[in-house]
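Trainee: Could you take a close look at one part of this structure with me? I would like to see how the residues there sit relative to the surface.

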Amino acid sequence: MIHLINRKLTNLILISSALSAGLFGQSYQGGVRGLVTDPTGASIATAKITLLNDATGVARNTLSNASGEYAFNTLDPAIYTLTVESPSFKKFERKNVIVATQEAVTVDVRLDVGSISDVVEVTAETPLVENSSASNGQVLDTQKLTDLPNLGRNPFLLSKLSTNVVPVGDPRFNRFQDQSGSSQISVGGGPVRGNNYLIDGVAVTD
């Protein structure tokens, strides 16, 4: 999986399948946060919130705080299902919560009064917008890496699919065995020496 990140001061390209860096550091990971309220707009504390990664089946859980707020940090870019439960309220479920590279999306939840055995499922809603950070990024997932034509099966070459990436290396070295040539790209107008490459959290920049 390829993750492209463009920051104001440092331009990064991260190639990784699993990293443990923090949400607001130089990492490809994102997050989900929001506010849980009742029909009157009052905050609901200690509501159980579950976030399920649809691709891996891995779920994370948390509770809303006294102000009704919740947060999930350090999330891998993926599609998630968000579930919220609280006594005396109907169970809330929202599918297709998309977390992209370095994106912290906000999903506010309003619980309706009723039995927890009843489920309110949200399947179509206004697309979530990242409004908490000026950073932006792009994810080239495993399916794209597998299906798209790629000279020499070199993952660096697919970075050119991002609109803010410009190759600056010698095109003669766009071969599988010449990563040092194909990895010479400018991200958002930044210098080549401003790029950083990680594989499974380990820097491989030469």
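Mentor: Happy to! Let's start with valine 166, which is found in strand β13, covering residues 165-167. Keep in mind that this is a predicted model. Valine 166 has a relative accessible area of 46%, so it counts as partly exposed, the class between under 20% for buried and over 50% for exposed. Together with Val168 and Val192, Val166 makes a nonpolar surface patch of about 210 Å².

From valine 168, a member of that patch, we can step over to proline 191. The two are 23 residues apart in sequence, while their C-alpha atoms are 9.5 Å apart in space. Proline 191 lies in a loop, with β14 (185-187) on one side and β15 (198-199) on the other. With a relative accessible area of 54%, proline 191 is exposed, because the cut-off for that class is over 50%.

For a contrast in accessibility, turn to the rings. Searching the whole structure gives 1 aromatic pair. Its partners are tyrosine 70 and phenylalanine 72, whose ring centres are 6.1 Å apart. Their planes meet at 65°, so the pair is edge-to-face; the cut-off for that label is over 60 degrees. Tyrosine 70 is buried, its relative accessible area being 4%. Phenylalanine 72 has 2% relative accessibility and so counts as buried too. Both labels follow from the cut-off of under 20%.

Key:
Residues are numbered from 1 along each chain as its sequence is written. This is a predicted model: local features need pLDDT of at least 70, side-chain atom pairs count only at pLDDT 80 or more; totals for chains, interfaces and linings use all residues. Side-chain values use heavy atoms; hydrogens and water are left out. Rings of Phe, Tyr and Trp (its six-membered ring) pair if their centres lie within 6.5 Å; planes under 30 degrees apart count as stacked, over 60 as edge-to-face and the rest as tilted. Buried means under 20% relative accessible area, exposed over 50%, partly exposed in between (1.4 Å probe, protein chains only). Helices (H or I, at least four residues) and strands (E, at least two) are DSSP runs, numbered from the N terminus. Patches are made of residues with over 30% relative accessible area and no salt bridge: like charges are joined within 9 Å, nonpolar side chains (Val, Leu, Ile, Met, Phe, Trp, Tyr) within 5 Å. Accessible areas come from the Shrake-Rupley method with a 1.4 Å probe; for residues, only the protein chains shown count as cover. A salt bridge is a side-chain nitrogen of Lys or Arg within 4 Å of a carboxyl oxygen of Asp or Glu.
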